[in-house]
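User: I would like to learn how to read helices and sheets in a protein model. Could you take me through some features one at a time?

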Amino acid sequence: MGMNKAIGIDLGTTYSCVGVWQHDRVEIIVNDQGNRTTPSMVAFTSDDKLVGDAALFQISSNYHNTVFDVKRIIGRRFSDPSVEADRKIWPFTIVSGNDDKPMIEVDYRGQKKLFSAEEISSMVLAKMKKIAEDYLMCDVKDAVITVPAYFNDAQKRATRDACKIAGLNAMRIMSEPTAAAISYGSMREKKIKDIMIFDLGGGTFDVSVVRIHRPKIEVKAVGGDTHLGGEDFNNRLLDYCVGLFNKKYKMDMSSSGRALRRLGAECERAKRNLSYAVETVIEIDCLYQRNDLYVKISRAKFEELNADLFGKTIEILKQCLKDANMSKAEVSDIVLIGGSSRIPKLQELVADFFDGKELCKSMNPDEAVAHGAALQAAVLNKEAVDLVVVEVIPLSLGLASLNGIMEVIVPRNTCIPTCKELSVTTTLDNDTVLDFDVYEGERLLTLHNNFLGTFRLKGIEPAPSGVPIIRILFLVDADGVLTVSAQDRKTKSRSQIIISNEHERASKEKVEQLVALAQKFRFQDEIQERKHRAQFKLQCCIHNMKTRVTEAMRKGAMRKTVGEYLLENVNSSQKWLDHSYLSADVHQFNSKWKKQNPNATIL
């Protein structure tokens, strides 16, 4: 096996997944708990930092310091309305940092610490990197990372910073639906197909029209909402239950983070149940101030609560088709991916829009993106056959004009890489300096669009206004990275900017500091990893022992007195685990496990 392996990572809002090309195919890699996906979650305690399943395991007792869903704020400003809406729901604290950057405040090792969304994402990426390295038994440096198709420049660059902090070289930042299209195209016959990828995950929604003509995969148009997904459906159900509880008991439970987190977990479970059942129950004892909650939820009620959000996905789908200049009859296949695409009403709405056409559900919605990313990584790493992927920019790029209107240079859904040119001139006599403000977005006024950066061209020859000719060049590479340059055709004076968006992202020096910090704590993180494995092994042992003893007593295969004695020991171990899982070390977990398995060997 070669030692220069490249992996594909689907960095999801709620769960992440990693794959690699091996034995002439893509393999999805299981984590240390045997799961094919890993929670995109990080928890901080007085001693440790927990990532993935370990963070999820302790969330109920440490909800204020367990961070999740950071993909919804990465690359955004603290003052963004969507950040404000999420802050009201999340149990952890978001504060405003420098340049209006949202920062996550936690208690870590006895101190208040601030982390950016990039840092939290880097911890999840480092976990996925470690999962791959444990499986491949070699270091992994290169990866293709996926992001929502509708991520803007700041969000993509913040994700790339997260990769650097995690010790990964991002070979390509690829859109999630394009990765899914690669996965889909690799398993189909070699004929031209126009497909639609409907990707609805935990926090983001993307829709793409893609032409597959192997080995070429060409994105025709993209649409989406970076703040629409399963979490929003959960929150609608959560708000409904909170309203019922408050009305019944004449009190407001909204101030209790612990109660909201417990209820949120049950709402998510109920949402999943309603994908195969027409009715479910949300029942929680002593939810708030010793008051219980019992709510029957029908699928119809859930659909009613989310009707506008479901409808929004169809409107975005329609616009994407329009942007691709295609009719719905021209779409060969409709491919559903993302965990939330399992919701029956959404499937019904999509099928109805396409006049009853059968939807493609053959791909695993949780793994399709990582599968495609791993295949792309193998191609870039020259491990697999050639594959030509042509993506598009999701948002128009342009310059601010004097009246505040955005002059579009590169329209949205332009294939990349691309190069577009525009000629401008001076508006004042003898003007020797021009400033250029670069924006992205679809609004007429730059005020409503996303500011990317500014640069200045000096050395223009003095002349009456309108005489100098300035050549503006917009160059977008295959990763969507934008370089803008300006040159006076007569003096040849030149200036350019590689959009760095310093207001939105960490500086180069800051990224280097964060990389060094991550390396500094790598040894401590490895100790924590071993501790969590021992802890999980003990938890599984307790559960299995309790199940076997209970079943043996029920069948009469074990005397009641013996069974009760064994159950007492098992319950004692469970009680110890519940109270000591944060403070105990690897040796203590293994000692407890050994008592349950006296003839076993500790690995």
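Analyst: What follows goes through a few helices and sheets of this structure, which is a predicted model.

User: Let us begin with packed helices. At what angle do the axes of helix H5 and helix H11 cross?

Analyst: Two packed helices are described by the angle between their axes and by the distance between those axes. Here the axes of H5 (residues 176-186) and H11 (residues 368-380) cross at roughly 80° and come within 7 Å. Because angles from 65 to 115 degrees count as roughly perpendicular, H5 is roughly perpendicular to H11.

User: Which residues make that contact?

Analyst: On the side of H5 they are Glu-176, Ala-179, Ala-180, Ile-182, Ser-183 and Ser-186, and H11 contributes Ala-368, Val-369, His-371, Gly-372, Ala-373, Leu-375 and Gln-376. Sorted by character, the residues of this contact are seven nonpolar, five polar and one charged.

User: Now a single helix: where around the axis of H10 do its buried residues fall?

Analyst: An α-helix has 3.6 residues a turn, so residues three or four places apart point the same way. In H10 (residues 344-353) the buried residues are Leu-346, Gln-347, Val-350, Ala-351 and Phe-353. Looking down the axis of H10, one finds these buried residues within an arc of 160°, so they line one face of the helix. Among the elements that cover them are strand S13 (193-200), helix H6 (230-249), helix H9 (307-323) and strand S18 (333-337). After H10 comes Asp-355, which has a positive phi, near 55°.

User: Turning to sheets, in what order do the strands of the four-stranded open sheet lie?

Analyst: The order is S21-S20-S24-S25, and the pairing is antiparallel. Strand S21 (406-410) and strand S25 (450-457) are at the edges with a single partner strand each, so one side of each has no neighbour in the sheet. From one strand to the next the twist averages 30°. Within this sheet, S24 (residues 434-440) is joined to S25 by seven bridges, and Tyr-439 stands opposite Phe-451 in S25.

User: Which strands stand at the edges of the sheet S8-S9-S10?

Analyst: This open sheet has three strands with antiparallel pairing, and its edges are strand S8 (93-96) and strand S10 (111-116), each with a single partner, so one side of each is left without a neighbour in the sheet. The twist averages 40° from one strand to the next. Strand S9 (residues 102-108) pairs with S10 over six bridges, and the bridge partner of Ile-104 is Phe-115 in S10. Helix H3 (residues 117-136) lies across S9 and S10 and runs at about 85° to S10.

User: Which side chains of strand S28 are buried, and which are not?

Analyst: Side chains alternate along S28 (residues 494-498): Ser-495 and Ile-497 point to one face and are buried, whereas Arg-494, Gln-496 and Ile-498 point to the other face and are not buried. Strand S27 (residues 482-488) runs antiparallel to S28 and is joined to S28 by five bridges, with Thr-483 having Ile-498 as its bridge partner. The hairpin of these two strands has five residues between them, and there Lys-492 takes a positive phi near 65°.

User: Finally, how is the exposure of Thr-547 described?

Analyst: Thr-547, which lies in helix H13 (residues 522-555), has a relative accessible area of 43%. Since partly exposed covers the range between 20% and 50%, Thr-547 is partly exposed. Its C-alpha atom is separated by 9.7 Å from that of Leu-567, which is 20 residues apart from Thr-547 along the chain.

Definitions and conventions:
Residues numbered from 1 in each chain as written. Predicted model: local features only at pLDDT ≥ 70, side-chain atom pairs only at ≥ 80, totals over all residues. Heavy atoms only, no water. Axes fitted to C-alpha atoms, helices over the stretch in contact; angles between N-to-C directions. Parallel < 35°, antiparallel > 145°, perpendicular 65-115°, else oblique. Contact = heavy atoms within 4.5 Å. Nonpolar A, V, L, I, M, F, W, Y, C, P; charged D, E, K, R; others polar. Buried < 20%, exposed > 50% of the residue type's maximum accessible area, 1.4 Å probe, protein only. Arc of directions from axis to C-beta. Pairing = 2+ DSSP bridges.
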